[in-house]
Amino acid sequence: MTASMVQSDRTMAAAFLRLHFHDCFVRGCDGSVLLDSTSGNQAEKDSFANANSLRGFTQIDQVKAQLEEVCPGVVSCADILALTARDAIVQIGGQSWVVDLGRKDGIVSIASESMSSLPSPFATYTQLVQGFAAVGMSEKDMVVLSGAHTIGKTKCGLFSQRLYGFSGPGAVNGTDPTLDPDYANVLRQQCPQNAPLNTVFFDPSGSFPGQTYDKGFFQAVSANRGVLASDAALLTSSFGASQVALEAGATSPFMTDFAISMRKMGTIAAPAGSVLEVRKNCHFVN
Ligand code: HEM
């Protein structure tokens with residue numbers, strides 16, 4: 001089912017991959033990202049980090065509905081997120097990984113936790129490492145999984161501070177000096193000032209621009225063409241810079257490294273003592 005959804009809309013691979021990431025980094029892989037807000041509680045999906053940004057909810061509902069028809073109460077929403085992410089990446093030419101099953105769904109989803117647990121596009125290298133360490137992921141996992149940005153897009157407003165009025169050290173005509181000046185010109189065309197909702201591909205290279213799963217993101221970062229400040233920040237530590245160079249290189253281990261780190265990300269557990277269940281409907285607790 002995932003394969004046919006991605007076949008008819010290749011951009012769904014990015015949507016499914018990001019949903020799984022945003023699920024796992026907040027309260028573990030427990031489907032909390034899929035819960036709806038209630039009158040007294042704003043849920044993760046409605047946080048600033050996720051609202052008008054995460055996609056794929058309807059498609060996950062379709063998968064869940066089909067599973068409930070044949071096997072009611074067996075496959076958790078969290079497992080569905082893990083499986084669709086993997087199957088989507090395989091569908092666009094990525095390397096497969098084992099998805100360990102048996103996750104259960106949580107009953108808690110709090111918007112503010114998305115803001116504190118998900119890495120910010122303005123994060124420094126140290127903050128990125130800390131954010132990943134908080135969920136048991138290594139510095140290498142952080143660099144490797146940033147390679148997810150070989151697919152998908154970002155809103156201009158999330159990096160336009162690098163293009164206009166940049167006042168940090170070494171600013172050149174208001175531009176972030178760590179961004180290739182020629183590429184800054186290209187991005188300014190796609191992202192005119194005051195158009196924060198325009199979008200650009202993280203990695204426009206490849207036969208499906210923005211949707212080709214390959215080492216292109218690391219090649220872009222190596223060439224100072226990482227779009228987000230957090231992507232460019234990978235070059236600001238010696239470990240990060242050499243891992244980026246390795247992933248971008250002729251014998252890039254990207255496919256394998258990504259598969260290993262994704263399997264690990266999929267095992268991030270819900271906090272001890274959490275009440276867990278297999279939700280009947282991914283939007284609501286049972
Ligand atoms: C390292 C820290 C990371 C930061 C700061 C970050 C930040 C972002 C931002 C700001 C966007 C654009 C959102 C928008 O325009 O509304 C985005 C998109 C995306 N992110 Fe990340 N991300 C990170 C890591 C990851 C990881 C680990 C994955 C998956 C394993 C991932 C997968 C994606 C995908 C696939 C998209 C494109 C979504 C689409 O086109 O619908 N990101 N990310």
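In this predicted model, Arg-86 counts as buried, since its relative accessibility is 17% and the limit for a buried residue is under 20%. Arg-86 forms a salt bridge with Asp-87, and the closest N and O atoms of the two are 2.6 Å apart. Asp-87, at 29% relative accessibility, counts as partly exposed.

The structure holds 10 salt bridges. Another of them joins Arg-103 to Asp-79, with 2.6 Å between the closest N and O atoms. Asp-79 belongs to helix H4 (77-91), whereas Arg-103 lies in the loop between helix H4 and strand S1 (105-106), so the pair ties together parts that are 24 residues apart in sequence. Arg-103 and Asp-79 are both buried. The position of Arg-103 can also be given relative to Leu-35: the two residues are 68 residues apart in sequence, and their C-alpha atoms are 16 Å apart in space. Leu-35 is placed in the loop between helix H2 (12-24) and helix H3 (57-70). With a relative accessibility of 5%, Leu-35 counts as buried.

A further salt bridge is formed by Arg-162 and Asp-176, whose closest N and O atoms are 2.8 Å apart. Both residues lie in the loop between S2 and helix H8 (181-190), and the pair therefore ties together parts that are 14 residues apart in sequence. Arg-162 counts as buried at 0% relative accessibility, and Asp-176 is buried with a relative accessible area of 9%. The loop between S2 and H8 also contains Asn-173. In contrast to these buried residues, Asn-173 is exposed, with a relative accessible area of 76%.

The backbone of Asn-173 has a phi near 45 degrees, a positive value in a residue other than glycine. Most residues other than glycine have a negative phi. A positive phi, near 60 degrees, is also found at Asn-224, again a residue other than glycine. Asn-224 is located in the loop between H9 and helix H10 (229-232). Its relative accessible area is 35%, so Asn-224 is partly exposed.

Aromatic side chains were examined next. The count of aromatic pairs comes to eight. In one of these pairs, Tyr-213 and Phe-258 are arranged edge-to-face, with 5.6 Å from centre to centre and 70 degrees between the planes. Tyr-213 is in the loop between strand S3 (199-201) and helix H9 (216-222), and Phe-258 is in helix H12 (residues 254-265), so this pair ties together parts that are 45 residues apart in sequence. Both partners are buried: the relative accessible area is 4% for Tyr-213 and 0% for Phe-258. Phe-217 and Phe-218 also form an edge-to-face aromatic pair, for which the centres are 5.3 Å apart and the planes meet at 75 degrees. Phe-217 and Phe-218 are likewise both buried. The four residues of these two pairs are members of one aromatic cluster, which is formed by Trp-97, Tyr-213, Phe-217, Phe-218, Phe-254 and Phe-258.

Contacts between charged side chains and aromatic rings were also found. The charged end of Arg-10 sits over the ring of Phe-208, at 3.7 Å from the ring centre. Lys-45 lies over the face of Phe-57, and here the distance to the ring centre is 4.9 Å.

The ligand contains an iron atom, and His-149 is its only protein donor. The contact is made through NE2 of His-149 at 2.1 Å. His-149 is found in the loop between helix H7 (139-146) and strand S2 (153-155).

At the surface, Ile-107, Val-275 and Val-285 make a nonpolar patch of about 230 Å². Val-285 is in the segment after strand S4 (276-277). Its relative accessibility is 38%, so Val-285 counts as partly exposed. This value is compatible with membership of the patch, because patches are made of residues with over 30% relative accessible area.

Note on methods
Residues are numbered from 1 along each chain as its sequence is written. This is a predicted model: local features need pLDDT of at least 70, side-chain atom pairs count only at pLDDT 80 or more; totals for chains, interfaces and linings use all residues. Side-chain values use heavy atoms; hydrogens and water are left out. Patches are made of residues with over 30% relative accessible area and no salt bridge: like charges are joined within 9 Å, nonpolar side chains (Val, Leu, Ile, Met, Phe, Trp, Tyr) within 5 Å. Accessible areas come from the Shrake-Rupley method with a 1.4 Å probe; for residues, only the protein chains shown count as cover. A salt bridge is a side-chain nitrogen of Lys or Arg within 4 Å of a carboxyl oxygen of Asp or Glu. Helices (H or I, at least four residues) and strands (E, at least two) are DSSP runs, numbered from the N terminus. Buried means under 20% relative accessible area, exposed over 50%, partly exposed in between (1.4 Å probe, protein chains only). Rings of Phe, Tyr and Trp (its six-membered ring) pair if their centres lie within 6.5 Å; planes under 30 degrees apart count as stacked, over 60 as edge-to-face and the rest as tilted. A charge sits over a ring if NZ of Lys or CZ of Arg is within 6 Å of the ring centre and within 35 degrees of the ring normal. Donors are N, O and S atoms within 2.8 Å of the metal (3.2 Å for Na, K and Ca); water is not among the atoms, so sites may look incomplete.
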